[in-house]
Each structure stands twice: as structure tokens, then as C-alpha cells.
Amino acid sequence: MPTRQSILADIVDDSRRGAYMAFNGLVFQLGKMLGALGLILGNILGGYGMGMFYFVLVVAGIFFSSVAIRGRKAPIAEFRASS
């Protein structure tokens, strides 16, 4: 985590650094909470239910990643063209 914070501090502007560092910490805290929720849901849903739940999460992650990548192609192409 310290390596990630130092890389993030180098990338982000000084005026926005606090917000990015706070969000970075929030991501890890949300991951801990979702992990604990997964233990509770695993007890309720059982093995097959959790398998389906994780499958849905994986498909959603792939979908949102593809949307984000498609949305980022245009600004990168414009940046390369202006350089």
C-alpha cells in the first residue's frame, strides 16, 4: 500500500491529492466490508449461490471495465495527436 500511495502522489496534482488519497483509502475499506459481507452471504446462499453471485460480479466488472476503456480511448488519441 505505501508504494501505491507514493505512485498516486506522483501522478495527481497537488490541489487534488487529498481527495485522491482519501478515495484510495476508501477503496480498501470498502473491500474489507464487502469481504465480511461475503462471509455472511456465503452462509445464507450456500456454495452454488455464492458461485452465481461471484459470476455476476465478474460479468459486471468486465462490462464496466470495457465501458471505461472505450470512454478513455478518445482523450488518449487526442493527447497523442497534440504531442
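Q: To get started, what share of the 83 residues of the chain count as buried?

A: Keep in mind that we're looking at a predicted model. In the chain, 7% of the 83 residues count as buried. The accessible surface of the chain adds up to about 7,100 Å², and 70% of that belongs to carbon and sulfur atoms.

Q: How many helices and strands should I look for in the chain?

A: Look for two helices and zero strands. Helix H2 covers residues 17–82, and a good part of our tour takes place there.

Q: Let's pick a residue. Is Asn24 buried or exposed?

A: Buried means under 20% relative accessible area. Asn24 has 5% relative accessibility, so Asn24 counts as buried. You'll find Asn24 in helix H2.

Q: Which residues is Asn24 in contact with, leaving aside its neighbours within four places in sequence?

A: Those would be Arg4, Gln5 and Leu8.

Q: How do I read a salt bridge, and which side chains meet in one here?

A: Here's the idea: side chains of opposite charge can pair when their charged atoms come close. The structure holds one salt bridge. Asp14 and Arg17 are the partners, with their side chains meeting at 2.6 Å, N to O. As for their surroundings, Asp14 is exposed because its relative accessible area is 63%, while Arg17, at 30%, is partly exposed.

Q: And aromatic pairs? How many are there in the whole structure?

A: A search of the whole structure turns up two. Take Phe53 and Tyr54: their ring centres are 5.9 Å apart and their planes sit at 55°, so this pair is tilted. In general, the distance of the centres and the angle of the planes are what describe a pair of aromatic rings.

Q: Why does the angle for Phe53 and Tyr54 make the pair tilted?

A: Planes under 30 degrees apart count as stacked and those over 60 as edge-to-face, with the rest called tilted. The 55° between Phe53 and Tyr54 therefore makes a tilted pair.

Q: How open to the surface are Phe53 and Tyr54, buried or exposed?

A: Somewhere in between! Phe53 counts as partly exposed at 33% relative accessibility, and Tyr54 does too, at 45%.

Q: Which residues form the nonpolar patch on the surface?

A: Phe53 and Tyr54 show up again, together with Leu34, Leu37, Ile40, Ile44, Leu45 and Leu57. Together these residues have about 800 Å² of accessible area. Leu57, for one, is placed in helix H2 and is partly exposed, with a relative accessible area of 43%.

Notes
Residues numbered from 1 in each chain as written. Predicted model: local features only at pLDDT ≥ 70, side-chain atom pairs only at ≥ 80, totals over all residues. Heavy atoms only, no water. Helix = DSSP H or I, 4+ residues; strand = E, 2+ residues; numbered from the N terminus. Buried < 20%, exposed > 50% of the residue type's maximum accessible area, 1.4 Å probe, protein only. Contact = heavy atoms within 4.5 Å. Patch = residues over 30% accessible without salt bridge, like charges linked within 9 Å, V, L, I, M, F, W, Y side chains within 5 Å. Areas by Shrake-Rupley, 256 points an atom, 1.4 Å probe, with all protein chains shown as cover. Salt bridge = Lys/Arg side-chain N within 4 Å of Asp/Glu carboxyl O. Phe/Tyr/Trp six-rings, centres within 6.5 Å; stacked < 30°, edge-to-face > 60°.
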